[in-house]
Amino acid sequence: MIPQLWIGIDLIGFSFETDREGHRVRVSFPSTPDAFSSLPESIADQWLPSLVPAGPVFDEPDRDNRTVGLVIFEVTVEVSTDVPFPKPEEVTPELRAIADRDLGVGRDIATQVAVLLLRHLRAAAPHQSWLGLATHAPEQYGIAALEFRATGDHILGYGPMQSVTMRSSRIRLDVEDMHHIAAATSEDIEPGVAESLLADVSHLSDASGANDRDRAWIVAAIACEVRVKRELRARAASDQRELVELLLRRRSNLPDLLGEVWKAVVGTSLRAVNPDLFDKVNSLNMQRNRLVHAGQRDPRVPQHLDPAHIAQALFEWLDEGAP
């Protein structure tokens, strides 16, 4: 299920096949407006059409404007199963375990293919801005079903997977926070660019949200650079300001800003007072540079590091007075 990918009417009923991990996979677009829309009575999902009219669109010379919105597409995976045919009338725990296992294999492969397909669709249609970020996954509609290929008889099915994320209450806004926000709103003051970018990093890095870690690394580095430069300008003595501006024009990467430039302005450096945080910020800078200049992740950066956590830790260090 996707947010109305606009396609030409000649793509109605389009399909293709591929192989993934030794399994045959078929991707099918609907051939009718409700081809994949039926829901079992036990599923409480809201009914959705498979195709919808798209528009309004311009009438343009020499251009076919007949366009439809794709909402639901189907991914079918062929898997081997030990479920006997025909399926026994009684579903024993042993039978359910077999069906669970085989459905899980097919479901994982279908998800991988659907996610990759949607990433390509977004990249190929960048002006369809409502499709979201490149890493927003399609959502399951109806049930993921294990069926006998020859007959289509249903064996087992599951609705969309449910999950719950536990979070700390420390992230909430309290009265003091709201007083500051109300005052800034009343005075028509925009939030800081660095703080807004930091909020974007949290969203991009959130696995239950955007889950776009590549973009999170880049935005985190930008947020930190904006914030550190702001701090350096604020901390510079009046007789230092021209020199600081000159340095900031020539130095932009975070290790330099928090090393030599910070020492020139404040008298110390992040490496000297908090080497662990400096190492993490250096990793943030390395990852950003590799992604921007090479289009790939830096293998030297530890996988457990989180760009949102690094940026937040640096912001907190600056908020606390950052010697």
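Visitor: How many helices and strands does the chain have?

Guide: Happy to start there. In this predicted model, the chain has nine helices and eight strands.

Visitor: What makes β2 and β3 a pair?

Guide: Pairing asks for at least two bridges between the strands. Strand β2 (residues 15-20) and strand β3 (residues 23-28) are joined by six bridges, so they count as paired. The two strands run antiparallel. If you would like one bridge to look at, Asp19 has Arg24 in β3 as its partner.

Visitor: And what lies between the strands of that hairpin?

Guide: Two residues separate β2 from β3 in the hairpin, where Glu21 takes a positive phi near 55°.

Visitor: How do you know that the chain differs from a compact globule?

Guide: We set its radius of gyration against a rule for globules, 2.2 Å times the number of residues to the power 0.38. For 323 residues a compact globule would come out near 20 Å, but the chain has 26 Å. Its C-alpha atoms fill a box of roughly 85 × 60 × 45 Å along the principal axes.

Visitor: What share of the residues is called buried, and why?

Guide: A residue is called buried because its relative accessible area is under 20%. By that cut-off, 33% of the 323 residues count as buried. The chain exposes about 20200 Å², with carbon and sulfur atoms supplying 51% of that area.

Visitor: How far apart are the mean positions of the positive and negative charges?

Guide: The mean positions of the 33 positive and 48 negative charges are 8 Å apart.

How values were computed
Residues numbered from 1 in each chain as written. Predicted model: local features only at pLDDT ≥ 70, side-chain atom pairs only at ≥ 80, totals over all residues. Heavy atoms only, no water. Helix = DSSP H or I, 4+ residues; strand = E, 2+ residues; numbered from the N terminus. Buried < 20%, exposed > 50% of the residue type's maximum accessible area, 1.4 Å probe, protein only. Areas by Shrake-Rupley, 256 points an atom, 1.4 Å probe, with all protein chains shown as cover. Lys, Arg positive; Asp, Glu negative; His and termini not counted. Charge placed at Lys NZ, Arg CZ, Asp CG, Glu CD.
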